[in-house]
Amino acid sequence: MADETSRESTGATLSNLSTENRTFAPSEEFAAQANATADWYDRASADREAFWAEQAERLHWEQKWERVLDWDAPFAKWFVGGKLNVAYNCVDRHVEAGHGEQVAFHWEGEPGDTRTITYSDLQREVCKAANALVELGVGEGDRVAIQLPMIPEAVFSMLACARLGAMHSVVFGGFSPGALKARIEDAEAKLLITSDGQYRRGKPAPMKANTDEATAETPTIEHVLVVKRTEIDVPWTEGRDVWWHDVVDRQSDQHAAEAFDSEQPLYILYTSGTTGKPKGILHTAGGYLTQCAYTHNVVFDHKPGESVYWCTADIGWVTGHSYIVYGPLANRATSVMYEGTPNTPHEGRHWEIIQKYGVSIYYTAPTLIRTFMKWGSDIPAKYDLSSLRVLGSVGEPINPEAWMWYREHIGRDNCPIVDTWWQTETGAIMISPLPGVTAAKPGSAMRPLPGISAEIVTEEAQPVGPGGGGYLVLDKPWPSMLRGIWGDEERYRDTYWSRFADQGYYFAGDGAKYDDDGAIWLLGRVDDVMNVSGHRISTTEVESALVSHPTVAEAAVVGASDATTGQGIVAFVILRGNVAQDEAKGEEAIKALRDHVSKEIGPIAKPRQIMVVDELPKTRSGKIMRRLLRDVAENREVGDVTTLADSSVMDLISAGMQDSS
Ligand code: WT7
């Protein structure tokens, strides 16, 4: 929840925000051929349900819905009574329509190996995987955990689950065994799909060895299905573990897809909240796929059979779910899927791939754009990027400087940029320019898409006018909205719907402001959730990891602004009394602590900096005042300390910070 601490930080960001007046309208040529036109906004607001019904017609429904929406706040049902199969929509219907030979994925492995997967190939692979899952005991409503690198089997596995009406729970490959275990337990997953290893910066790293640690005490897991990717040695549990090539390859490539209810659960995806326990965000079939398909079509101006589309996200995040798998495949996209890191084996890898496949739509994250900036514009300059038509950004606010660099050095001043705001919970893009319509401003997500309604309101739920700032809320339900938190209805109500309960608004957790023209500027989280390279990590999660180390008594974590990653994790720790203080403050001990967090949660959660302190700044009621720590971490003058129980604490911390820097 946004407490006193966070409100002040939003205020500070608001006043710091630069005023950006440049606008970049699409060329006449682009506008003339765009999928969506300006009149869509009015058409959608005139009759929202009719508008969404029209979007749902993008899909094949085995049985048409009776009502577009049942809204019993905060529970929505979309396309009520409709039946469809998500995998059929993403794969089979394109083959049946004669597009079996179209490439679905140009897959590029990190070591340089490649695979070309057509829609017919995809259909066969998904059917075989579905048959294998049935043989392994998976049926409708079961949960399947997936921890895989960026290989085609990740897509096959997700679609096989969807085909069977089973739910997947994909866990990012960089997450620790502990994180995987917690997710398996919470979802009571029956099957885990993983790989022997994964390529990381040119070297094979173990995967199965880690997942074995996770599944050592997870009684619900009946089988582990293992894809061979690296030939690395693996521990093996006879009877439980099976190889993909043994079990999947011998299956029939025919499988009849059954149509499920529009509200059939499709997947759970865990995301960080304000407490240490991740939330299992639940998405369902019909509304989710409708909004993924709609947004992928209009925001990226995707042309089936013509565009070559590349979303650089990992399948372990919602961006990978909605914009590598479901949206693009529903729209019969030809996509690039890349396994590796952007600088393996060299810093031009992305541009080389764009040139090689003639990528026309490129969708990435600000943190990566800033990294590319750091590497230098001479690198992309060496490649032919003339195939690019639309550039996308997601994950965190994109600063105007990075936006301009992206436009100039990647888009060669010729591509609309779409800065897309959304969340794991929203399932699909909510606020974004339309590339053929919007005169975009560098750094602004502009306005809600046709069919979507958002507002910026004060603490008292009053709408702020042009120029005003406050909390971003979604005031009307949308098709791809989360249907709940897995197994925790109360937390669902509490987290998203209690803050503006009287108004029935969804509270997104972000601060935002309107400029004088009514364009929306996102300002970052207002709760204790950090955004590191576009990934959500809660301060509490990192704090609990730190205090689980034998030398740490107490920890406070803040997200400090970072030129490359958006925010960097800065931790303040108090050591236990019995620990030899000098040793535990030493470089090696700090490194051990950072590694400990990395091991507990995953490398993305590794603190940038750890400060050993004697006290933490607390209010009289014992609440840690993070804004003061953030002031220290960002080298600012420390703000108002009058509510501190002991106001001298901050002097000590600031002095310590100067010593160590
Ligand atoms: C949070 C959601 C949506 C996929 C990736 C992250 C921040 C996301 C933007 C943007 C400003 C953004 C918000 C949001 N965020 N996109 N274009 N501009 N902020 O998904 O992990 O669920 O995180 O990411 O703070 O609440 P997620």
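Which way do α5 and α12 cross, left-handed or right-handed? Hold that thought for a second, and keep in mind that what we're looking at is a predicted model.

Okay, so the crossing of α5 and α12 is left-handed. Helix α5 covers residues 86-99 and helix α12 covers residues 318-330. Their axes sit 8 Å apart, and the two helices pack at an angle of about 55°. That angle is neither roughly parallel nor roughly perpendicular, so we call α5 and α12 oblique to each other. If you want to find the meeting place on screen, look for Asn89, Cys90 and Val91 in α5, which meet Tyr326, Leu329 and Ala330 in α12.

The start of α5 also takes us to an annotation. UniProt, in an unreviewed entry, lists residues 39-90 as "domain: Acetyl-coenzyme A synthetase N-terminal". Over that stretch the chain is 42% helix and 27% strand, and the C-alpha atoms at its two ends are 29 Å apart.

Now, the inside. In soluble globular proteins, nonpolar side chains tend to be buried together. Here, the largest nonpolar core has 195 residues. Val126, Leu159, Val473, Val542 and Ala571 are the ones touching the most other members. Helix α7, residues 152-164, gives this core its largest share, with nine residues. Take Val126 as an example: leaving out residues up to four places away in sequence, Val126 touches Ala87, Val91, Phe156, Leu159, Ala160 and Arg163. And yes, Val91 is one of the α5 residues we just saw meeting α12.

Next, helix α8, residues 177-187. Which residues are buried there? Ala179, Leu180, Lys181, Arg183, Ile184, Asp186 and Ala187. These buried residues pack against several elements, among them β6, β7, β8 and α9. Right after α8 comes Glu188, and its phi is positive, near 50°.

Last stop, further along the chain. UniProt, again in an unreviewed entry, puts "modified residue: N6-acetyllysine" at Lys623. Lys623 lies in the loop between β30 and α21. Is Lys623 buried, partly exposed or exposed? Lys623 has 14 C-beta neighbours inside 10 Å, so it counts as partly exposed. Compare Arg627, which is in helix α21, residues 626-633. Arg627 has 20 C-beta neighbours inside 10 Å, and 20 or more is the cut-off, so Arg627 counts as buried. One more thing about Arg627: Gly559 is 68 residues away in sequence, yet their C-alpha atoms are 9.8 Å apart in space.

Terms used:
Residues are numbered from 1 along each chain as its sequence is written. This is a predicted model: local features need pLDDT of at least 70, side-chain atom pairs count only at pLDDT 80 or more; totals for chains, interfaces and linings use all residues. A nonpolar core is a set of buried Ala, Val, Leu, Ile, Met, Phe, Trp, Tyr and Cys residues joined through C-beta atoms within 7 Å. A residue is buried if 20 or more other C-beta atoms lie within 10 Å of its own, exposed if 12 or fewer, and partly exposed in between; C-beta atoms are placed from the backbone. Helices (H or I, at least four residues) and strands (E, at least two) are DSSP runs, numbered from the N terminus. Two residues are in contact if their C-beta atoms, placed from the backbone, lie within 7 Å. UniProt positions are given in the numbering used here, feature names are shortened, and annotations may be inferred rather than shown by experiment. Axes are lines fitted to C-alpha atoms, for helices over the stretch in contact, and angles run from 0 to 180 degrees between N-to-C directions. Angles under 35 degrees count as roughly parallel, over 145 as roughly antiparallel, 65 to 115 as roughly perpendicular and the rest as oblique. A crossing is left-handed if the near helix is turned anticlockwise from the far one by less than a right angle, and right-handed if clockwise.
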